[in-house]
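Please open the model in your viewer and keep the selection tool at hand. The tour below moves from one selection to the next and says what is there.

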Amino acid sequence: MNDYIVAAEQGYYMDPALAPAACGPLQHWHRDEPPSLPPDDRARGTPIRVYVNHGRWIAECPGCRGAQYASRTDRRFYCVDCLNAWNAGAWARTLWPDDASLAVIEDLLCRRHVENRHWLPSESLAALELENHLHPQALVVAAGSGAIRLPGIF
Ligand SMILES: [Zn+2]
């Protein structure tokens with residue numbers, strides 16, 4: 001079991017010759033035409049908020065709902081399914097929680113079994129902590145020690 005939330009850097013082979021956000025689209029290319037990326041490396045348009053699903057940081061295409069691992073280090077998104085048609089074919093920026101919130105989100109989620117590691121941008125840190133408290137069966141249990149005790153408000 002991972003003690004971190006998987007992003008593109010862990011979920012994809014990172015070709016050092018490629019920008020991290022390019023690795024996902026190029027590894028998942030399933031179109032008839034040869035793989036290609038937007039000629040302009042800059043991101044524009046409406047940013048995409050990343051979320052956590054089953055222990056993975058995900059960027060989901062607002063145009064077609066295609067999803068990929070989100071890159072922590074290259075905060076851009078390009079959909080292999082619709083080629084970001086909704087964004088005139090340009091890279092889109094991904095929006096992540098701020099660093100402090102990200103650390104808390106990952107800490108709270110990693111107390112859970114992978115199948116229970118979910119977070120949406122609309123969920124507060126307090127809501128995540130409350131979920132952990134209300135659903136102890138979803139938490140990782142160390143052998144012989146019972147559920148991990150949560151710091152904070154409980
Ligand atoms: Zn798409």
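Begin by selecting β1 together with β6 (residues 92–95), two strands that pair in the parallel sense over two bridges. Strands are DSSP runs of E of at least two residues, helices are runs of H or I of at least four, and both are numbered from the N terminus; two strands pair if DSSP finds at least two bridges between them. Within this pairing, pick R49, whose bridge partner in β6 is L95.

Two remarks on the source belong here. Residues are numbered from 1 along each chain as its sequence is written. This is a predicted model, in which local features need pLDDT of at least 70 and side-chain atom pairs count only at pLDDT 80 or more, while totals for chains, interfaces and linings use all residues.

Now add β5 to the selection, which completes an open sheet of three strands in the order β1-β6-β5, with mixed pairing. Its edge strands are β1 (48–49) and β5 (76–77), each of which pairs on one side only.

Next, select helix α3 (residues 99–109) and colour I105, L108 and L109, its buried residues (buried means that 20 or more other C-beta atoms, placed from the backbone, lie within 10 Å of the residue's own; exposed means 12 or fewer, and partly exposed lies in between). These residues are on the same side of α3 because they cover an arc of only 95° around the axis, the arc being that of the directions from the helix axis to the C-beta atoms. Turn to the other side of α3, where D99, A100 and A103 are exposed.

What covers the buried side? Among the elements that cover the buried residues of α3 are β2 (51–53) and α4 (125–134).

Keep α3 and α4 on screen, and view the pair along their axes, which are 10 Å apart, with a packing angle of about 10°. Axes are lines fitted to C-alpha atoms, for helices over the stretch in contact, and angles run from 0 to 180 degrees between N-to-C directions. That angle makes α3 roughly parallel to α4, a term for angles under 35 degrees. In the contact, S101, V104, I105 and L108 of α3 meet L125, L128, E129 and N132 of α4, where two residues are in contact if their C-beta atoms, placed from the backbone, lie within 7 Å.

Finally, zoom out to the whole chain, which comes to four helices and eight strands, and whose C-alpha trace spans about 55 × 30 × 25 Å along its principal axes.

Note on methods. Angles under 35 degrees count as roughly parallel, over 145 as roughly antiparallel, 65 to 115 as roughly perpendicular and the rest as oblique.
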